Amino acid sequence: MHIHILGICGTFMGGVAAIAREAGFKVTGCDANVYPPMSDQLRALGIDLIEGWDPSQLSLKPDVWVVGNVVRRGNPLMEAILDAGLPYVSGPQWLAEQVLVGRWVMGVAGTHGKTTTASLLAWILQAAGREPGFLIGGVPGNFPVSARLGRKPYFVIEADEYDTAFFDKRSKFVHYRPRTAVLNNLEYDHADIFPDLGAIETQFHHLVRTVPGQGRIIWPSDSEALQRVLARGCWSQTEALGAGGWHASDVTEEADATVFTLWRGDVEQGRVRLPLAGEHNRANAIAAIVAAEHIGITPTESIEALAAFQGVRRRLEVRGTVGGVTVIDDFAHHPTAIATTIAGLRARMQAGSHPGGRLLAVLEPRSNTMRTGTLKAQLPGSLQDADLVFCYAGGIDWDAQAALAPLGERVAVFRDMLALEAAILAAARPGDQVLVMSNGGFGGIHGRLLAGLASREGNGK
């Protein structure tokens with residue numbers, strides 16, 4: 001069967017393409033911008049890519065057109081497909097019908113931590129010999145790819161609440177029908193499609209309704225939003241994370257790891273050494289351990305696997321150190337994620353060789369929610385623990401300088417990228433950690449900062 005994927009260079013749709021190719025389908029695809037690294041990964045798999053949405057692609061005559069949620073009405077190719085009455089389906093529905101049927105799906109949902117938790121879980125299963133399939137919105141360090149078919153029955157998927165397609169406004173995760181569902185947390189996000197938190201809670205309850213009675217829902221008991229979701233009705237087993245349930249104690253932050261004791265109620269499960277920093281990553285790891293326990297992997301096995309976890313690209317990923325200044329890349333793009341990322345890095349710095357170093361936070365408010373300014377009032381609090389804050393305001397309509405004014409003289413806002421980079425380079429000094437936060441590429445700023453630092457070193461400054 002031949003499928004042609006519209007929006008193939010997105011993280012999710014690119015993963016669908018890779019899995020489809022591995023499953024034996026003929027796969028082609030198109031996107032507005034066909035660019036590395038996804039384009040290189042797909043071409044390496046033998047997938048032909050087309051730049052743009054020209055209706056001439058109808059001549060490919062695939063058996064079905066698989067449509068990503070980047071596609072809208074008015075798209076020339078989509079309009080031609082509709083006019084011709086050709087068969088089309090959303091990416092999540094295609095995945096559910098062609099790949100997930102008959103598999104034990106382990107879905108990781110939540111506003112934050114989906115990629116890290118799904119990566120942790122996939123690695124635990126791999127280390128335990130399960131060879132799971134997975135589709136993750138990032139590249140785990142323990143795997144060379146973000147998606148693979150794997151061996152039946154287990155399949156780990158990052159269960160995103162974003163909408164499915166222009167013709168299916170349900171959240172993508174409704175299609176996956178997980179037997180094990182991790183609900184990491186729930187806050188307001190995606191202001192471009194959800195009017196309020198209640199609307200997202202409704203989608204999460206749609207997900208809860210799909211989990212079978214012998215399935216398991218894993219959730220933090222202190223989340224008021226998730227309490228409301230489950231109060232609407234729950235027909236599955238539940239495992240609570242937090243006080244009285246699965247929780248951590250005796251936490252020690254080290255330079256390259258977080259070490260803690262894991263408990264299930266009042267029963268100790270073992271001492272965990274996790275090569276990730278921060279409270280949020282402890283929560284992610286515990287959720288992954290509990291999810292793995294549902295399929296018979298003991299906490300002892302999971303703890304052993306976690307010690308060898310190699311992290312996830314763009315999650316506190318060190319891009320380089322020059323002249324004693326370290327540049328770090330992170331995907332944080334919501335105030336809560338920004339706050340937890342800064343807290344995790346601060347803990348790592350205090351435990352490391354430069355406890356007196358400064359943390360320079362560099363933020364690009366790029367997500368749809370951040371660009372609208374919906375959460376701007378929360379930003380000063382989320383950045384409070386940074387020593388200096390640099391914000392790139394290009395592409396937003398709200399006044400970032402006014403929104404960040406509570407941070408006083410520690411903050412600087414720029415609409416010019418070169419001026420932003422120059423200010424960071426002028427401020428950075430040995431021992432500093434430059435934390436760059438964006439859900440996009442940020443114009444390649446990481447590499448240019450490292451090059452600028454190298455130039456500064458070469459000039460003896």
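**View 1. Helix 4 gives the second largest pocket the largest share of its lining, four residues.** This is a predicted model, so keep that in mind for each view that follows. How many residues line this pocket? The second largest pocket has 18 lining residues, and the space inside comes to about 360 Å³. If you want to find the middle of the pocket, look for Ala96, Leu100, His175, Tyr176 and Arg177, the lining residues that lie nearest its centre. Helix 4 isn't working alone here: strand 6 (104-109) also supplies at least two residues of the lining. Sorted by class, the lining comes out as nine nonpolar, five charged and four polar residues.

**View 2. Helix 4 turns up again, this time lying across part of a sheet.** Helix 4 covers residues 91-100 and crosses strand 1, strand 4 and strand 5. Its direction is at about 90 degrees to that of strand 5.

**View 3. Five strands make an open sheet with parallel pairing.** Reading across the sheet, the order goes 3-2-1-4-5. Which strands are at the edges? Strand 3 (48-51) and strand 5 (88-90) are the edge strands, and each of them pairs on one side only. From one strand to the next, the twist averages 25 degrees. Helix 1 (residues 11-22) packs on this sheet too, touching strand 1, strand 2 and strand 4 (64-67). Helix 1 points at about 170 degrees to strand 1.

**View 4. Zoom in on strand 1 and strand 2 to see how they pair.** Strand 1 takes in residues 2-6 and strand 2 residues 26-31, and five bridges join them in the parallel sense. For one of the pairs, pick out His4: its bridge partner in strand 2 is Thr28. As background, strands of a sheet pair through backbone hydrogen bonds, in either a parallel or an antiparallel way.

**View 5. A second open sheet has six strands and mixed pairing.** Here the order is 18-19-23-20-21-22. Why is one side of strand 18 and of strand 22 left without a neighbour in the sheet? Strand 18 (317-322) and strand 22 (411-414) stand at the edges with a single partner strand each, so there is no neighbour in the sheet on one side of either. The twist in this sheet averages 15 degrees from one strand to the next. For a closer look at one edge, strand 21 (residues 388-392) pairs with strand 22 in the parallel sense, over four bridges. Within that pairing, Cys391 has Val413 of strand 22 as its bridge partner.

**View 6. Helix 10 and helix 14 go with the six-strand sheet.** Helix 10 (residues 335-351) packs on the sheet and touches strand 18, strand 19 (325-330), strand 20 (359-363) and strand 23 (433-437). Its direction makes about 160 degrees with that of strand 23. Helix 14 (residues 417-427) lies across strand 20, strand 21, strand 22 and strand 23. Against strand 21, helix 14 runs at about 165 degrees.

**View 7. Strand 15 and strand 16 form a hairpin.** Four residues sit between the two strands. Strand 15 is residues 246-253 and strand 16 is residues 258-264, and they pair over six bridges in the antiparallel sense. To get your bearings, find His247, which stands opposite Trp263 in strand 16.

**View 8. Glu239 and Arg216 meet in a salt bridge.** Their side chains come to 4.0 Å, N to O. Glu239 belongs to strand 14 (residues 237-241) and Arg216 to strand 13 (residues 216-220), so this pair ties together parts that are 23 residues apart in sequence. Across the whole structure, a search finds 18 salt bridges.

**View 9. Two backbone oddities to finish with: Pro153 and Lys61.** Most peptide bonds are trans, and most residues other than glycine have a negative phi. The peptide bond from Lys152 to Pro153, though, is cis, with omega near 10 degrees. You'll find Pro153 in the loop between strand 8 (147-148) and strand 9 (154-158). Lys61 isn't a glycine, yet it has a positive phi of about 50 degrees. Look for Lys61 in the loop between strand 3 and strand 4.

Conventions
Residues numbered from 1 in each chain as written. Predicted model: local features only at pLDDT ≥ 70, side-chain atom pairs only at ≥ 80, totals over all residues. Heavy atoms only, no water. Pairing = 2+ DSSP bridges. Axes fitted to C-alpha atoms, helices over the stretch in contact; angles between N-to-C directions. Contact = heavy atoms within 4.5 Å. 1 Å grid on protein atoms, 1.4 Å probe; cavity = no way out; pocket = protein on both sides within 12 Å on 5 of 7 lines; lining within 4 Å. Points joined across faces, edges and corners; volume = space filled by probe spheres on them. Nonpolar A, V, L, I, M, F, W, Y, C, P; charged D, E, K, R; others polar.
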